[in-house]
Amino acid sequence: MLVPNHSVRIRDLTLTYGAITVLRDLNLDIHDGEFLVLLGSSGCGKSTLLNCIAGLLEPTDGQIFIKGRNVTWLEPSERGIGMVFQSYALYPQMTVRGNLSFGLKNARMAQAEIEARVAKAARILQIEPLLDRKPAALSGGQRQRVAIGRALVRDVDVFLFDEPLSNLDAKLRADLRVEIKRLHQDLDNTMIYVTHDQVEAMTLADRIAIMRSGKVMQLGTPDEIYNRPQSKYVADFIGSPSMNFLDGHYERGTFRAEGFQIDMAGYQLGAPQVADRPAILGIRPEHVATGALVNAAPIKGEVTVDLVEPMGADTLVWAQVAGKPFRIRMDGQARVVRGDRLTIGIDPSKASMFDAKTEERL
Amino acid sequence: MADPASLNTLAALDPVHERTGSVGDMTGPRGRRPRRAFSRANIFLYGTLILVSVYYLLPLWVMVMTSLKGMPEIRMGNIFAPPMEVTFQPWVKAWAEACTGLNCEGLSRGFWNSVRILVPSVIVSIAVASVSGYALARWRFKGSETFFAILLIGAFIPYQVMLYPIVILLRELGLYGSLWGLVLVHTIFGMPINVLLFRNYFAAMPEELFKAARVDGAGFWRIFLQIMLPMSLPIFVVSMIIQVTGIWNDFLFGVVYTRPENYPMTVQLNNIVNSVQGVKEYNVNMAATLLTGLVPLIVYFASGKLFVRGIAAGAVKG
């Protein structure tokens, strides 16, 4: 029944606290060597799911398999996992060496083997000069490296990361993000990574699972999630600045809204036949063509600039379409001011259309 | 800069001046505001502090002075005056010769009894309370909150209500009258407050630390001994101070649950001070009282700083 190339399988996982259901009937298959990111806003159950996989929380119902082994009733240390926490969770009274070897000592490993493993992990993470220091004498980035090392020495199949970069400043976060990606490329372990940061999710993940109130809304590659969001929620959640949504009606191949209509000829519908219905059209700010690119776009229009937010590399322009704010991402070198008339172009093949009622992709 | 003409030009350039119409004065206050040492607030503050200190220190002064005087000098009545002739005889008598009505061995016997009660009581009660607090904070079990609530209610029941039932309990256990019976009583009555202290302290420790240790394969005892204990010196000191002073100062349990040969120092002190035979030796009584109070006093002085730190840690995060 179990396919060997599945590293972690989660079956019908449910977790309730009294009347509150945190996870409900959750199913998830994670491939061997995959980097899976659990992404969602706070309270969506992503950390709870990770804690269940680690064995730190007991599920109300369901099963968890790691490497084809049912680990549902096993202790965290018996599951073949290593975990990295947001607050680093280093043992303050032990040196870095003590922190790295604590788990191995608990497993009654031979001293020589412990030393070899600690040395190897320290070399990979470049923390060799820090081995005899206490955590208090380390910087945030160094602490998180030691925390990763603590998972590394255990030589496990699955790495679990619980928002490991959230306590670091922006620059360190970007640096360590690259290091984690490189580590994954070198080690080829399965990694499950919880975050609320979509940049981390997009850059690190082989696949992203977007979670909301204890359920996986969409599971797919970053490309699928970004270009073909299966629901309005996912479309809105991913992308910064977020997607523009226009309310209207879908009628025989055309999207009609107040004051304009768009021929949806280039749009790939999810089903061969889509009945006429109220719909929402989603267009990413970066998919709105301006300047010379307008000519290539099938649909053209004109808007008045309301507000300009220059961000250096690009400039975010706010305008009004059908009485609602509409964001356009322009090149950073574009010179626009409030009140300018702007010709924009839209390509329906890059847009997303959702059912107005179910909010699911059409 | 000091040239008034140039100051005027600066004032004219000052944008604040343009906006508010006020003259941009560059010579005004600068840096820290000076404070007067003899302000009305300071006089009031220090005056009150000195007054209150005198109020609390005066009885101590009288006791120390009286304990260093001979009886003839005490009869002269100047209780605030320092001794004209310093004598340590009352201290020696209080420690080794004072009579309690049963024997004339002074406080020394009571002191050693108290030590023999104190040491095991403090060790056992802190050991049990710290492990209980740790379990209640980190290893929640079904009904653990209820259990904790019941334990806390225990702190509000007056001791007198429980005196007699405990006499029966100790009799049935065969511990009535023995030192170990009293140790057991002290351990039990120390539970509510100490478990509360330890539970709050451990609950305030980062939960992820505990989780990390579990992933590292540490169990109940290993996490407690190797992770939690080294981080919790302040709360152990707080608990120790509470227990040492509480148990040392106890009179009620000591007089109810032990036999005369095991009476703690407080009971002995009472028997010396309240013995009706002969003259009232105020100097001996004062010396005996001071001797009895010495142990908690030393504990406070030695660990005051840690005490405050531990209490604050528990209070803020708990």
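Me: What makes chain B a two-part chain here?

Reply: In this predicted model, chain B is divided into domain 1 (40-87) and domain 2 (108-317). Those bounds come from an automatic or database domain assignment. The centres of domain 1 and domain 2 of chain B, taken over C-alpha atoms, are separated by 33 Å.

Me: How do you know that domain 1 of chain B is in contact with domain 2 of chain B, and how many residues are involved?

Reply: Two residues are in contact if their C-beta atoms, placed from the backbone, lie within 7 Å. By that rule 8 residues of domain 1 of chain B are in contact with 7 residues of domain 2 of chain B. On the domain 1 side, helix H3 (40-67) and helix H4 (71-75) of chain B are the elements that give two or more residues. H3(B) supplies the largest share, 4 residues. The residues on this side of domain 1 of chain B divide into 4 nonpolar, 3 polar and 1 charged.

Me: Why are residues 43-64 and 117-136 of chain B called "transmembrane region"?

Reply: The name comes from the UniProt annotation (unreviewed entry), which covers 43-64 and 117-136 of chain B, and also 148-167, 179-202, 223-248 and 284-302. Such annotations may be inferred rather than shown by experiment. In the model, residues 43-64 of chain B are 100% helix and 0% strand, with end C-alpha atoms 30 Å apart. Residues 117-136 of chain B are likewise 100% helix and 0% strand, and their end C-alpha atoms are 28 Å apart.

Me: What makes the side of chain A that touches chain B free of charge, in the residue count?

Reply: Asp, Glu, Lys and Arg count as charged. The residues of that side of chain A divide into 11 nonpolar, 7 polar and no charged, so none of them is one of those four types. The contact takes 18 residues from chain A and 14 residues from chain B. Strand S6 (81-84) and helix H2 (96-106) of chain A are the elements that give two or more residues to the chain A side.

Me: Which residues touch the most other members of the largest nonpolar core?

Reply: A:Leu160 and A:Ile192 do, in a core of 139 residues. Membership requires a residue to be buried, with 20 or more other C-beta atoms within 10 Å of its own; A:Leu160 and A:Ile192 therefore meet that cut-off. Helix H9 (residues 179-204) of chain B gives this core its largest share, 10 residues. Leaving out residues up to four places away in sequence, A:Ile192 touches residues including A:Val8, A:Ile30, A:Leu36 and A:Leu160.

How values were computed
Residues are numbered from 1 along each chain as its sequence is written. Chains are lettered from A and ligands numbered from 1 in the order in which they are written. This is a predicted model: local features need pLDDT of at least 70, side-chain atom pairs count only at pLDDT 80 or more; totals for chains, interfaces and linings use all residues. A nonpolar core is a set of buried Ala, Val, Leu, Ile, Met, Phe, Trp, Tyr and Cys residues joined through C-beta atoms within 7 Å. A residue is buried if 20 or more other C-beta atoms lie within 10 Å of its own, exposed if 12 or fewer, and partly exposed in between; C-beta atoms are placed from the backbone.
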